[in-house]
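Open the model in your viewer and keep the sequence panel beside it. The stops below go through one chain, the contact between chains, and then the other chain.

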Amino acid sequence: MMLFNLSLKIFLRELRSGYLTSILVSLVLAITIVSGISLFTDRLEKALSAETEEFLGGNLKFESNQNTAKSKIQRQNFQDIDFMEMVLFASVIFSEEDMQLSSVKAVDNAYPLIGELELQNKSGKFLSKESPELGTVWMDARLQNLLNLSYGDKIFLGDSEFIFAATILYEPDRASGNFAFAPKTIMNFEDVDSTNIIQPGSRVEYNYLFKGPEDEIANVRNYLETIKENGDDIEVLNEDSSSLGRTIDRSENFFLLGGLIAVLLSACTIGIASQRFTRRHVSYVAMLKTLGMKTRQIRSMYFLLFVFMTLLTLFFGLILGWTLQSQFINLMSSYFPTELPPPGYYPILITCMTVLICQFGFIYPHITKLITISPMRVLKDDVSFDYGFIPIFLMGLAAFFLLLYLYTNQLTLSLIIFFGVIGFSAIGIGSIYLLLGKNKTGLGASGPILLALSELRRRKFGNSFQIFAFTIAIGLTLITFSASQNLLGSWQTSIPEDSPNNFAINITPQDKENMQSFLQENDIKSKPFFPVTNAIIFKKNELSEDDKIDRNFNITWIEELPEQNDILKGEWFDKSLNNGISVSEDISERYNLEIGDDVFIKVGEEIIKSYVQSTRTVNWDSFSPNFFIIGHPSLFQDISSTYITSFYIPSDKQYLAADLMREFRTVSVFSIEELIEQIKEIIEQVTQALNSILLLTSLSALFLAFSALQDGFSVRKHQSAVLRTLGASNTLIKQSTLFEFTLLGFISGTLGALVAYAGIYFIETRVFETSASFYPEISIMGPLLGIIVVSSLCYYLISGITKQSPKKLLMQ
Amino acid sequence: MILEVNKLRKEVSSGDNKLVILDDVSFNLLEGQSLAITGPSGSGKSTLLGLLAGLDTATSGEIYLNGEALHELDEEQRALLRKEKVGFVFQSFELLPSLTALENVMLPSELKDEDEPEERAKYFLDRVGLKEREHHYPNQLSGGEQQRVAIARAFACSAKILFADEPTGNLDPKNGKMVSDLLFEVNSETDNALVVVTHDHDLADRCDKKINLKLGKIVE
């Protein structure tokens with residue numbers, strides 16, 4: 001109890017005196033940023049997972065071209081699993097006046113397995129958790145308009161007639177199969193037989209959706225793998241490769257990066273502040289030892305002090321962190337119409353881990369050394385205090401690395417950043433030694449420049465660490481700045497205003513030219529018309545399970561490399577007759593397809609033998625038709641195909657989409673305008689949220705710079721007092737200090753710019769997987785930032801010193 | 001007259017209260033004379049020394065140092081006066097830890113931008129018997145040696161007046177005697193005035209004049 005009281009007393013005294021301010025503010029800043037970001041990303045991930053679940057329609061989806069799977073699945077009798085079947089096909093639907101190709105989804109009575117449908121009928125909008133009644137259909141608004149239907153009107157599908165009962169405003173399983181391109185109709189599964197549409201050989205897709213606990217879903221997946229045939233596909237959650245998913249993924253990367261930077265800056269500040277804390281407590285510990293307190297008790301007392309510090313900083317940090325994440329959520333509220341799910345334990349875990357690593361890496365080693373002080377210190381001030389610099393430095397580095405790993409979760413990336421920062425710091429310290437040369441005798445106090453240079457030389461060791469701190473602070477601030485300006489900027493401009501917002505598929509060769517004329521007449525710029533056909537690819541060695549390719553591809557054949565595709569290996573098609581196919585990078589990796597490998601392309605009943613001529617990157621965000629596999633036209637001369645294209649219809653000409661569909665009945669046009677808008681909106685909101693992180697990171701950087709300077713100024717205070725007593729003017733002291741720190745700021749800023757270049761290079765190439773760019777403004781901003789920030793802080797600190805009388809300073 | 005003090009008063013505020021540290025202090029000192037300021041702890045000795053040396057400002061009263069009205073000068077002008085006319089020896093030595101003994105002694109000459117500061121510093125270090133320790137840092141020297149370095153520094157600045165605040169206060173009797181001998185010996189070679197704040201009666205007795213302070217007033 002005595003220890004507790006004493007510890008509390010010391011803690012409160014330190015708190016009141018303001019000596020703990022640097023440590024506390026840095027810890028609160030770190031906790032605020034970490035908890036704010038992790039709470040936000042955790043809730044975002046949960047919401048996205050729920051969203052993806054709805055998008056998929058279940059926890060797992062099995063797509064098959066045959067209806068044989070159902071009986072097999074039912075025989076397995078899976079426990080705790082909800083299961084539903086749906087069949088998808090394309091068919092022309094007739095109304096009394098019109099006809100239109102539609103993507104039809106026939107659902108059983110378990111539909112929808114997840115989420116609710118939003119429908120509209122004569123009575124208005126309503127939510128439904130049921131499938132359509134027998135003899136009725138629901139359609140989306142586009143199809144309703146194209147067929148000119150009112151509620152209760154008859155429609156004709158195959159041999160049956162149905163009543164149009166409701167408009168689909170929202171459906172949970174929007175990712176339904178290959179037929180989702182055309183305007184949508186939903187009907188009851190039991191009505192399918194009466195239409196007589198599905199005949200042997202019809203192009204139909206059977207989807208089986210499953211919902212249940214994770215381990216049961218894993219069992220289902222394992223079983224489905226055993227019955228899976230060529231062309232079948234299994235889709236599970238967390239494999240969201242949509243544009244939206246990638247956008248959210250990238251924004252999470254931005255957030256975590258910002259968080260990591262701010263935490264590292266705070267950690268450096270905590271290290272510096274702890275050193276100062278220790279120096280101040282040397283006499284105190286010596287006195288306690290003299291009075292008979294055991295080392296163990298002193299250790300416990302300081303441990304308790306840690307606990308108080310942790311509790312206080314966690315309390316304020318978590319409150320501020322919660323406020324921060326609420327701000328982010330408010331920013332993005334338009335994207336999430338409903339309330340986000342509550343956070344899990346992870347944000348608290350990562351926050352506590354951060355605090356623990358900061359304490360054990362940056363505070364505890366100092367305290368451990370402090371406890372070793374001899375009680376003789378009470379009698380003799382000059383009893384040396386072995387500061388044990390190397391173990392403290394190593395502990396700090398270990399903590400630095402642990403924090404890196406905690407946030408990036410990638411060993412290689414952590415090692416790269418870790419050694420990058422150390423390498424640059426070593427270069428910095430080395431260059432300072434080389435630049436400043438050997439000490440000359442005397443302080444050079446006859447003039448400000450001589451005095452400043454002499455001080456730089458004389459304090460090489462201390463200056464090196466200040467430069468280290470400034471370099472990190474400036475480098476990381478520049479990285480954050482660049483992330484918000486350049487990286488986000490290039491991300492934002494990656495979706496130009498006139499990005500294609502409509503896709504047209506099923507364009508027959510006969511319609512191709514007419515449609516091109518239609519688009520030209522209406523001043524609509526389109527991407528090229530790509531021939532497309534469905535094909536199955538086989539590898540020569542089908543005996544090897546690993547090499548087996550068992551999926552359908554929509555393949556195209558063209559002579560020119562599509563825009564935003566880059567050849568990685570091999571060569572693009574040339575004029576020779578011996579051309580093969582080009583496969584995308586991910587397909588090459590997934591199916592182990594190397595340059596020169598033989599492949600067999602099965603289109604209908606025809607088999608085309610070819611080989612892999614090149615692999616290439618594909619920009620899936622380009623809003624152009626993209627293909628995993630592109631063949632040379634010479635291979636597909638006799639293959640019949642349809643065409644696909646994309647084009648931009650300005651908002652004032654949206655009616656053209658309906659006109660186009662009326663004129664070309666078999667062509668399906670679907671709009672991605674909403675998706676583009678959604679992505680643009682998210683990018684904008686993420687940019688705003690990131691600016692808050694930038695502000696906090698800059699605050700941490702400023703705090704670090706200030707702490708590093710403040711630490712050095714305690715020594716200067718005494719020197720300035722002695723010099724002034726001996727007759728040095730305030731002007732001399734101010735000018736020399738300013739000159740010294742301007743030089744220090746310039747060196748730190750230059751090195752900071754180099755750190756930033758290295759950092760940005762790795763972030764661009766490793767984190768965001770884009771090509772590296774050079775940002776010339778950083779080489780100016782770095783030194784400028786160094787000079788302005790360091791010399792301003794220095795001016796503030798030195799003014800505080802020169803305002804006091806030298807007598808007062810000497811008495812301190 | 002090197003130093004003339006008239007009706008000097010120093011007050012400090014402590015919350016709402018005003019504390020009088022010095023009151024109605026007047027005396028003078030001729031060139032080459034030495035003066036001891038004595039008195040119990042808290043009597044205002046060090047405050048008086050600080051005011052005389054221009055390290056602090058008085059609430060009222062006049063100080064003339066080498067004919068200049070110190071009480072009318074601002075901080076920059078006082079610094080200039082200190083540089084040209086004043087030398088110091090402190091109880092806690094106040095050497096700069098990052099400078100060697102030689103560099104500490106060179107400081108005043110460097111501040112004055114004098115020629116060959118190193119030669120001058122070496123002469124005074126030799127004079128205080130520390131020639132062999134000129135490249136040692138303060139933490140490598142004993143207390144007595146550090147104070148001898150401080151004395152060498154005080155004389156190296158060619159001052160008109162030397163202020164010493166408890167110069168033997170941190171030293172054992174043997175070292176204290178050595179330092180005070182040195183102080184008077186080197187001072188006798190110049191025509192400097194010497195003002196010493198001390199508790200040491202032997203040291204005070206060696207001075208030409210003595211003033212005794214009690215509760216901020218001269219009592220004798």
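Which residue takes a positive phi just after α14(A)? In this predicted model, that residue is Asp523(A), with a phi of about 60°.

**Chain A**

Select residues 509-521 of chain A to see α14 itself. The helix has 13 residues, so at 1.5 Å a residue the expected span is 18 Å; the end C-alpha atoms lie 19 Å apart, in agreement with that value.

Zoom out to the whole of chain A, which holds 20 helices and 21 strands. Of its 812 residues, 42% count as buried. Colour by contacts if your viewer allows: among those in chain A with a separation of 6 or more, 84% join residues 24 or more positions apart.

Now go to Tyr111(A) and Pro112(A). The peptide bond from Tyr111(A) to Pro112(A) is cis, and omega is near -10°. Pro112(A) sits in the loop between β3 (99-107) and β4 (117-121) of chain A.

**The contact between the chains**

Show both chains and select the residues where they touch. Chain A gives 22 residues to this contact and chain B gives 26 residues. On the side of chain A that touches chain B, α17 (673-725), α18 (730-767) and α20 (806-811) each supply at least two residues. The largest share of that side comes from α17(A), with 4 residues. Colour that side of chain A by class and you will find 7 nonpolar, 11 polar and 4 charged residues.

**The sheet in chain B**

Hide chain A and pick out the strands of the open sheet in chain B. This sheet has 6 strands in the order β6-β7-β8-β3-β9-β10, with mixed pairing. At the edges stand β6 (86-89) and β10 (217-218) of chain B; each has a single partner strand, so one side of each lacks a neighbour in the sheet.

Start at the β6 edge. β6(B) pairs with β7 (residues 161-165) of chain B in the parallel sense, over 4 bridges. To find the pairing at residue level, select Phe88(B): its bridge partner in β7(B) is Phe163(B).

At the other edge, select the loop between β9 (209-214) and β10 of chain B, where Leu215(B) is found. Leu215(B) is not a glycine, yet its phi is positive, about 50°. The residue counts as partly exposed because it has 14 C-beta neighbours inside 10 Å.

Asp24(B) is another stop for the backbone angles. This residue lies in strand β2 (residues 17-29) of chain B, and its phi is positive, about 55°, although Asp24(B) is not a glycine. Asp24(B) counts as partly exposed because 14 C-beta neighbours lie inside 10 Å.

**A buried helix in chain B**

Last, select residues 101-112 of chain B, which form helix α3. Is α3(B) largely enclosed or largely open? Of its 12 residues, 11 are buried, so the helix is largely enclosed by the rest of the structure. The buried residues include Leu102(B), Val105(B), Met106(B) and Leu107(B), and also Glu103(B) and Glu110(B). To see what covers them, add α2 (75-85), α4 (117-127) and α5 (143-156) of chain B, which are among the covering elements.

End the tour just past this helix: α3(B) is followed by Asp113(B), with a positive phi near 60°.

Note on methods. Residues are numbered from 1 along each chain as its sequence is written. Chains are lettered from A and ligands numbered from 1 in the order in which they are written. This is a predicted model: local features need pLDDT of at least 70, side-chain atom pairs count only at pLDDT 80 or more; totals for chains, interfaces and linings use all residues. Two strands pair if DSSP finds at least two bridges between them. Two residues are in contact if their C-beta atoms, placed from the backbone, lie within 7 Å. Ala, Val, Leu, Ile, Met, Phe, Trp, Tyr, Cys and Pro count as nonpolar, Asp, Glu, Lys and Arg as charged, and the others, Gly among them, as polar. The expected span of a helix is 1.5 Å times one less than its number of residues. A residue is buried if 20 or more other C-beta atoms lie within 10 Å of its own, exposed if 12 or fewer, and partly exposed in between; C-beta atoms are placed from the backbone.
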